[in-house]
Amino acid sequence: MKKILLSVLALVMLAGCATTPTTPETTPTPSVQPTAPADAETGATSDATTSASIVVDELVKEYTPKGFTDAEVEKVLFVVGDPRHNSVTWDLANTAMAYFEEKGMEVELRDLYAMNFNPVLSVENFYYAKDGAGEPTTEIKAEQELVKAADHIIFVYPNWHDSEIAIVKGYKEEVFAKKFAYQDSESGLEGLLKDKSIYTIMNCGYLGGGRGWIGDGIIDTETWDKYMNAFDVFDQDTAAFWGVTSYGRYVNDRTPANTSENYAEELKELEDNLITHLDKVYFSKN
Ligand SMILES: Cc1cc2nc3c(=O)[nH]c(=O)nc-3n(C[C@H](O)[C@H](O)[C@H](O)COP(=O)(O)O)c2cc1C
């Protein structure tokens with residue numbers, strides 16, 4: 001009898017195992033199932049999990065700008081931080097770089113991930129960044145020469161936790177050091193990078209839905225303007241610090257979804273919208 005009971009118990013336990021789900025019930029299920037091809041580098045498949053869109057191979061436009069020369073033409077320095085070259089952020093960077101060259105300006109690109117730029121301000125370089133004490137490293141000096149040569153500086157990155165990606169933040173901390181970008185004066189801090197402009201191109205996932213700058217919200221215009229005005233406070237403050245003019249930002253919160261049937265058209269619409277914005281900011285001011 002005991003043997004029979006034990007056999008029944010074993011059978012019940014086996015049956016239980018067979019129906020026990022292998023994944024815990026608490027594992028979140030993406031609301032949209034990925035249908036796009038997997039990103040070879042990251043394995044990401046859909047904006048359902050990361051909100052990052054993947055530009056399919058045939059639509060990726062790699063663009064290598066010609067760089068700065070001694071020619072007397074306006075110069076635009078692009079500082080780009082984004083790990084994936086098939087991202088929407090890079091699509092925006094490439095679109096903008098091509099546009100400036102088309103307009104006769106010179107473009108120099110600093111692809112911070114490709115350069116393996118170290119964004120962590122080390123203890124050795126701390127007093128150089130903070131007080132301008134001593135000399136910059138060779139790498140930082142080279143970046144400063146490019147900043148000096150530039151008329152316009154454009155930062156391009158995805159929004160990570162409501163601000164710039166760390167690699168771009170680190171670039172600012174290390175390159176725009178005291179006595180290079182600003183100095184003490186009798187009336188307080190004085191910006192040293194006069195006659196230059198700064199501008200930002202930022203791709204986002206959750207800012208209320210909009211495309212452009214203040215006043216360009218589409219879905220939740222109140223939330224959009226709240227964020228854009230907040231970014232404007234930081235942009236203006238940084239500009240005042242460095243002595244430059246802030247030309248504002250182009251912010252995209254309408255990334256084409258990987259699942260979109262009209263992906264190519266939507267991407268083109270986004271690129272055209274960026275060009276309209278650049279045209280307004282840089283070329284049709286008067
Ligand atoms: C670590 C991390 C933090 C993020 N934080 C924000 C955020 O605070 N606000 C936001 O709108 N999007 C946020 N996102 C979404 C990204 O902005 C979005 O994935 C990105 O713009 C996609 O651009 P890409 O296709 O060029 O990579 C975050 C993404 C990551 C990976």
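1. Helices (H or I, at least four residues) and strands (E, at least two) are DSSP runs, numbered from the N terminus. This is a predicted model, in which local features need pLDDT of at least 70 and side-chain atom pairs count only at pLDDT 80 or more, while totals for chains, interfaces and linings use all residues. Residues are numbered from 1 along each chain as its sequence is written.

2. Asn 159 sits in the loop that links strand 3 (152–158) to helix 6 (166–175). A residue is buried if 20 or more other C-beta atoms lie within 10 Å of its own, exposed if 12 or fewer, and partly exposed in between, with C-beta atoms placed from the backbone. Asn 159 counts as buried because it has 21 C-beta neighbours inside 10 Å. Two residues are in contact if their C-beta atoms, placed from the backbone, lie within 7 Å. Apart from neighbours within four places in sequence, Asn 159 is in contact with Met 202, Asn 203 and Cys 204. Its C-alpha is 9.9 Å from that of Asp 253, and the two residues are 94 residues apart in sequence.

3. Asp 162 is in the loop between strand 3 and helix 6. Asp 162 is not a glycine, yet its phi is positive, at about 60 degrees. Asp 162 is exposed, with 11 other C-beta atoms within 10 Å.

4. Asn 116, in the loop between strand 2 and helix 4 (126–131), also needs a note on its backbone. Its phi is positive, about 55 degrees, although Asn 116 is not a glycine. Asn 116 is exposed, having 7 other C-beta atoms within 10 Å.

5. The protein chain has eight helices and eight strands. Six of the strands make an open sheet with mixed pairing, in the order 2-1-3-6-8-7; strands pair if DSSP finds at least two bridges between them. Strand 2 (106–111) and strand 7 (211–212) are the edge strands, each pairing on one side only. Strand 6 (residues 197–203) and strand 8 (residues 245–252) run parallel and are joined by six bridges. Met 202 stands opposite Val 251 in strand 8. Helix 8 (residues 263–283) packs on the sheet, where it touches strand 6, strand 7 and strand 8, and its direction makes about 165 degrees with that of strand 8. For that angle, axes are lines fitted to C-alpha atoms, for helices over the stretch in contact, and angles run from 0 to 180 degrees between N-to-C directions.

6. Strand 4 (residues 182–185) and strand 5 (residues 188–191) are antiparallel and pair over four bridges. They form a hairpin with two residues between them. Tyr 182 has Gly 191 of strand 5 as its bridge partner.

7. The largest nonpolar core (buried Ala, Val, Leu, Ile, Met, Phe, Trp, Tyr and Cys residues joined through C-beta atoms within 7 Å) has 57 residues, and Phe 78, Val 79, Ala 93, Ala 96, Ile 154 and Val 156 have the most contacts inside it. Helix 3 (residues 88–102) gives the most to this core, with seven residues. Not counting residues up to four places away in sequence, Ile 154 touches Val 76, Phe 78, Ala 96, Tyr 199 and Ile 201.

8. In the protein chain, 32% of the 286 residues are buried. Of the contacts with a separation of 6 or more, 71% are between residues 24 or more positions apart.
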